[in-house]
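Visitor: I am new to this structure and should like to understand the terms used to describe it. Please show it to me.

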Amino acid sequence: MSLPFAIRPLRPAEPATAMAVWALHEAAHRQEEGWLGQPLPRPWADSMALARETRQLLGAFDAEGVLTGLLLAEVGARGPHIARLAVDPARQGEGWGRRLVNHLVAAAHEVTVDTASANLAALAVYRRAGFHETGRHLLPQGLELVHLCYRRDRQGQHLPLLALDGDGWVSGARHLLSPNCDDFPDGSLPTLLIVHNISLPPSRYGGDAVERLFTNRLDPQAHPYFAAISHLRVSSHFFIRRDGTLVQCVPVRRRAWHAGVSCFGGRERCNDFALGVEMEGCDFEPFTEAQYCMLARLGTLLRRALPLAAITGHEHVAPGRKTDPGPFFDWKRAAHDTGLPFVAA
């Protein structure tokens, strides 16, 4: 499987790497100074200083191996502090900054960063990754910086409480009724929870394309990929966004059309006995702490109210046809937090 992107350490002592990093950094630095209308401090005085860098330096690369973004972090006793996040100006809006931050926080308990209060794009990236503002201060030249902190054990505190009503709707979720559902056979209740991943366009997050797909409103002209899927009539019961927001599209007492041709425990047509949870994500990077916290709350609620007996993945009930939620999904954590045993079909 070809990778649409990759995050890996950079070695600035290598001349070719230093040249690519310096060119990207300078282009991004000029753009940011233009946005803010004032000079900004640089992490390196020149390319020679960059070549001597010993702090953690990560690079984001596209499918052709082109450097698209970089992240510089100082690793301290409590965790990394982001000293620089930069994206090639020509690749803005493609999610490269978010991928770098997501990669860093996936392996850390605590991460901090200071960024200009006027840099709205950077603030959006950090807040979507689960950072929360803890203070502000002024630099001598008058630039206001926002101090943000990501702390793993705090992520669940910012999510709503959930409850299930008699019609199968979860309070605390945003309700978006999909027409792509019908009744479970013979009025039965689901016994399986299937985890998927989805992003539209592929590997791009945010926006309303997933919700449009689930409600048959996806514009085939909005993106080349949409032309091939806009005719599909599909939906999951739930959709968990990167920031932990829970969207419910089908009540749990009805059958959603999410698994397709599938088999679990020798029984085919998993839609007949399974609930579907879509995680906003892809096969190539970790899911967020907020998503795991929401899945834990949702899975626990559903386990207590329904005869759910196991949790599994779309890749397990449709092997060879589907690969989601993919190798970055933490099944051990999901099973522990929901109280549902993981069974690989």
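Guide: A helix here is a DSSP run of H or I with at least four residues, numbered from the N terminus. One such helix, α1, spans residues 15-36, and T17 lies in it. Please note that this is a predicted model.

Visitor: Why is T17 called buried?

Guide: Buried means under 20% relative accessible area. T17 has a relative accessibility of 17%, so T17 counts as buried.

Visitor: Which residues does T17 contact, leaving aside its neighbours within four places in sequence?

Guide: With those neighbours left aside, T17 is in contact with L10, R11 and P12. Contact means that heavy atoms lie within 4.5 Å.

Visitor: What makes helix α3 mostly covered?

Guide: Helix α3 covers residues 96-106, and 9 of its 11 residues are buried. Among them are W96, L100 and V105.

Visitor: How do you know that β4 and β5 pair?

Guide: Two strands pair if DSSP finds at least two bridges between them. Strand β4 (residues 80-87) and strand β5 (residues 110-116) have 2 bridges, in the parallel sense. I82 stands opposite V113 in β5.

Visitor: In what order do the strands form the open sheet?

Guide: The 7 strands follow the order β1-β2-β3-β4-β5-β7-β6, with mixed pairing.

Visitor: What makes β1 and β6 edge strands?

Guide: Strands β1 (5-9) and β6 (132-138) each pair on one side only. Neighbouring strands of this sheet are turned by 25 degrees against each other on average, direction ignored.

Visitor: Which helix packs on the sheet, touching β4, β5, β6 and β7?

Guide: Helix α4 (residues 120-128) does, and its direction makes about 165 degrees with that of β5.

Definitions and conventions:
Residues are numbered from 1 along each chain as its sequence is written. This is a predicted model: local features need pLDDT of at least 70, side-chain atom pairs count only at pLDDT 80 or more; totals for chains, interfaces and linings use all residues. Side-chain values use heavy atoms; hydrogens and water are left out. Buried means under 20% relative accessible area, exposed over 50%, partly exposed in between (1.4 Å probe, protein chains only). Axes are lines fitted to C-alpha atoms, for helices over the stretch in contact, and angles run from 0 to 180 degrees between N-to-C directions.
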